[in-house]
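Here are some short exercises to work through with the structure open beside you. Try each task before you read its solution.

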Amino acid sequence: MNPPKLPHYLFLSLALIVVTCAVASVRLQPAEAEGINGKLAFVNEFSIYTINPDGSAITQLTQHDQGLFDQHPNWSPDGAKIVFGRATFTVKSQIYVMNGDGSNAVRLTNDSFSDRQPAWSPDGTKIVFVSDRDGNDEIYVMNADGGNQTRLTNNTAADFDPAWSPDGTKIALTTTRDTSLEVYVMGADGSNPTRLTNNSVVDAQPSWSPDGTKIAFTSQRDGL
């Protein structure tokens with residue numbers, strides 16, 4: 001079976017997500033997320049798949065043709081579960097978790113707003129995510145079972161793209177709180193937000209190195 005062709009642009013949802021900023025840019029989701037089990041999880045046409053790094057054993061886990069629009073899969077640290085965002089024709093994106101084989105999908109958030117971009121903490125006890133439940137995109141954290149949902153950022157700008165540091169003490173993010181999209185880092189409790197990039201163009205989608213000493217990110221500073 002040939003792997004499905006990945007689209008160049010993986011949109012976050014069915015036009016449910018709007019960046020409230022003056023910077024015009026396309027917000028993309030990562031093409032894949034790697035688990036400790038060696039498998040990659042990725043989205044193709046709003047369905048979640050897994051695949052081995054060598055391209056073998058491609059497996060479809062969720063079904064877009066059932067009216068489900070899934071995005072942002074992220075493996076649990078033990079490689080047993082996948083957390084992801086799921087929208088339908090009538091419900092904005094909510095956070096779900098399922099087994100690594102696609103079984104037993106359980107909804108963790110349940111509100112009328114958009115909850116998305118989930119990511120497990122390195123110890124597997126918490127999930128960070130983005131929600132507009134308080135009027136604009138902010139970063140929240142909750143227990144792995146969906147309990148104790150807590151707001152970490154609080155400003156009039158949009159905060160998104162949360163990424164845990166490998167030691168779990170910090171979260172990198174993208175924000176519109178400046179004149180352009182910039183990368184920040186803050187404590188895992190939302191404290192001490194610190195600006196890392198400073199450009200008139202888009203800097204976004206931070207990703208930590210395994211040792212936590214560096215952060216990779218996407219930038220338009222050298223053109224599209």
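Helices (H or I, at least four residues) and strands (E, at least two) are DSSP runs, numbered from the N terminus. This is a predicted model, in which local features need pLDDT of at least 70, side-chain atom pairs count only at pLDDT 80 or more, and totals for chains, interfaces and linings use all residues. Residues are numbered from 1 along each chain as its sequence is written, and side-chain values use heavy atoms, with hydrogens and water left out.

**Exercise 1.** Find the strand that holds Q94, then describe the surroundings of Q94.

*Solution.* Start with the strand: Q94 lies in β7. Next, check accessibility. Q94 counts as buried (under 20% relative accessible area, with exposed over 50% and partly exposed in between; 1.4 Å probe, protein chains only) because its relative accessibility is 0%. Finally, list neighbours: Q94 touches several residues beyond four places away in sequence, including F84, R107 and F113, where contact means heavy atoms within 4.5 Å.

**Exercise 2.** Work out the order of the strands in the open sheet of 4 strands.

*Solution.* Two strands pair if DSSP finds at least two bridges between them. Following the pairs gives β5-β6-β7-β8, with antiparallel pairing. The edges are β5 (69–75) and β8 (106–107), each pairing on one side only. Now look at β7 (residues 94–99), which is joined to β8 by 2 bridges; Y96 has R107 in β8 as its bridge partner.

**Exercise 3.** Trace the connections of β14 (residues 170–175).

*Solution.* First, β13 and β14 form a hairpin with 5 residues between them. Then another hairpin leads from β14 to β15 through 6 residues. Last, 5 of the 6 residues of β14 are buried.
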